[in-house]
Amino acid sequence: MKICILGAGTMGSGIAQVFAQNGHEVVLRDIKEEFVEKGYSFIEKNLARMVKKEKITENEKAEILNMIKPTTVLQEAADCDLVVEAAVENMKIKKEIFSELDKICGEKTILATNTSSLSITDIAVSTNRPDKVIGMHFFNPAPVMKLVEIIKGLSTSDETFAAVKELTGSLGKEGVAVEEAPGFVVNRILVPMINEAVGILADGIASAEDIDNAMKLGANHPIGPLALGDLIGLDVCLFIMEILNNEYGDPKYRPHPLLRKMVRGNKLGRKTGEGFFNYREKVLVGAK
Ligand SMILES: CC(=O)CC(=O)SCCNC(=O)CCNC(=O)[C@H](O)C(C)(C)COP(=O)(O)OP(=O)(O)OC[C@H]1O[C@@H](n2cnc3c(N)ncnc32)[C@H](O)[C@@H]1OP(=O)(O)O
Ligand SMILES: NC(=O)C1=CN([C@@H]2O[C@H](COP(=O)(O)OP(=O)(O)OC[C@H]3O[C@@H](n4cnc5c(N)ncnc54)[C@H](O)[C@@H]3O)[C@@H](O)[C@H]2O)C=CC1
């Protein structure tokens, strides 16, 4: 199949790698050359690590990279069977993208979004094909995490769902069916947990290292909640809390003021080099 990935950031580059590794032709599009290059070199690095670990050969790496065409031209999506949008988490931008895609893509093209929290139904109404709009929610890091939440908006057809479910399985991932709701399944559980860990830190109950160690050793989590917030991006975590808070109006979803402060201070986690942990020095747990 020919797949277009929109957005070559953390998620888009990982998703592009997953499709290319599974033999699909991939168009990777971002708005600026430098963003596309950054995403492409991130994939190169990941594949080089796999070569080093003897998971793939140097030839296979070259073949996978050959499957990916980096571009800034949206028109390249026109003849794709599936578009997976992984641009910024902003409804206005996503609606503009979907409305544009609806005009340029063939009528059979499925338009999927990797949104963490936004309404699929709302995105779909910006197109004339709401039956072919669906949530295909990968998890970070996309090449590693096995789950894809497959989210049906109000008008998503059973045919679209079945096609995406089958494709997800063919990528070696497990697709779970989710009816649209704020935070879907995983983020409704995971992000309030991260918010709670931020509250524990703010209350001075334990240090960041101890909070994370407690959850790693006491609950068998692969990384602690604060390191996980840094991995996801604290801006993304705050955005998801805001959505849960606004949609449910339940105070249990109130974003912690310390989370807001971190975002205001541009300490967003790994992507800015610092969050609850410092990634510049490469000295802390999980820092790469
Ligand atoms: C916000 C949303 O909308 C939804 C979300 O994504 S929520 C976030 C969900 N993600 C999580 O919960 C991740 C939790 N963390 C983990 O599972 C692990 O820490 C981790 C898999 C990320 C890293 O594992 P680790 O044991 O700490 O490090 P490490 O040994 O270096 O990596 C394990 C494997 O993952 C690979 N890996 C790590 N980071 C990677 C990346 N960014 N891209 C590709 N591969 C990566 C490594 O190469 C390694 O592969 P092998 O086992 O084949 O050798
Ligand atoms: N960070 C995470 O852990 C996860 C994020 N998501 C979701 O995936 C999406 C992307 O998130 P990240 O990769 O973290 O963001 P990111 O900020 O790393 O990357 C977003 C990219 O989209 C690009 N972009 C902006 N407008 C665009 C457009 N019109 N067309 C194409 N590209 C455009 C940006 O230039 C940037 O390179 C968001 O919707 C986010 O909520 C989903 C799962 C996990």
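1. A polar contact is a pair of N or O atoms within 3.5 Å. The pair formed by R49 and ligand 1 fits this description: an N or O atom in the side chain of R49 is 3.1 Å from a nitrogen atom of the ligand. The model is a predicted one, and the distances below should be read as belonging to it.

2. Two further side chains make polar contacts with ligand 1. K55 places a polar side-chain atom 2.9 Å from an oxygen atom of ligand 1. For N187, an N or O atom of the side chain is 2.9 Å from an oxygen atom of ligand 1. Taken alone, ligand 1 exposes 1,000 Å², and the protein buries 70% of that. Two or more residues of the shell come from each of α2 (33-52), α7 (186-202) and α9 (225-232).

3. The surroundings of ligand 1 comprise 19 residues, with K53, K55, H137, N140 and N187 the closest. Sorted by class, this shell has 10 nonpolar, five polar and four charged residues.

4. Ligand 2 has 21 residues around it, of which M11, D30, E89, K94 and S116 come nearest. The shell divides into nine nonpolar, eight polar and four charged residues. At least two of its residues are supplied by each of α1, α4 (91-104) and β6 (133-138).

5. Which residues offer a backbone N or O atom to an oxygen atom of ligand 2? T10 does so at 3.0 Å, and A87 at 3.3 Å. S116 uses its side chain, with a polar atom 2.6 Å from an oxygen atom of ligand 2. On its own ligand 2 exposes 840 Å², and 87% of that is buried by the protein.

6. The largest nonpolar core contains 34 residues. Within this core, I5, I15, F19, L82, V84, M136 and F138 have the most contacts. Helix α1 (residues 10-21) provides the largest share of the core, six residues. Another core lies apart from it and has 25 residues, including L228, M241, Y253 and Y279.

7. I15 can be followed through its contacts. With neighbours within four places in sequence left aside, I15 is in contact with I5, V84, A86, N114, F138 and A142. Among these, I5, V84 and F138 also appear in the list of residues with the most contacts inside the largest core.

8. V164 sits in helix α6 (residues 158-170). Is V164 buried or exposed? V164 counts as buried because its relative accessibility is 2%, and the cut-off for burial is under 20%. Not counting residues up to four places away in sequence, V164 touches I110, I134, M136 and I150. V164 and L82 are 82 residues apart in sequence, and their C-alpha atoms are 9.1 Å apart in space.

9. D102 is a charged residue in helix α4, an element that also gives at least two residues to the shell around ligand 2. With a relative accessible area of 15%, D102 is buried, since burial requires a value under 20%. Setting aside neighbours within four places in sequence, the contacts of D102 are L111, T127, N128 and R129.

Technical notes. Residues numbered from 1 in each chain as written. Chains lettered and ligands numbered in written order. Predicted model: local features only at pLDDT ≥ 70, side-chain atom pairs only at ≥ 80, totals over all residues. Heavy atoms only, no water. Core = buried A, V, L, I, M, F, W, Y, C linked by side-chain atoms within 4.5 Å. Buried < 20%, exposed > 50% of the residue type's maximum accessible area, 1.4 Å probe, protein only. Helix = DSSP H or I, 4+ residues; strand = E, 2+ residues; numbered from the N terminus. Contact = heavy atoms within 4.5 Å. Near = heavy atom within 4 Å. Polar contact = N/O pair within 3.5 Å; in protein donor to acceptor, adjacent residues only side chain to side chain. Areas by Shrake-Rupley, 256 points an atom, 1.4 Å probe, with all protein chains shown as cover.
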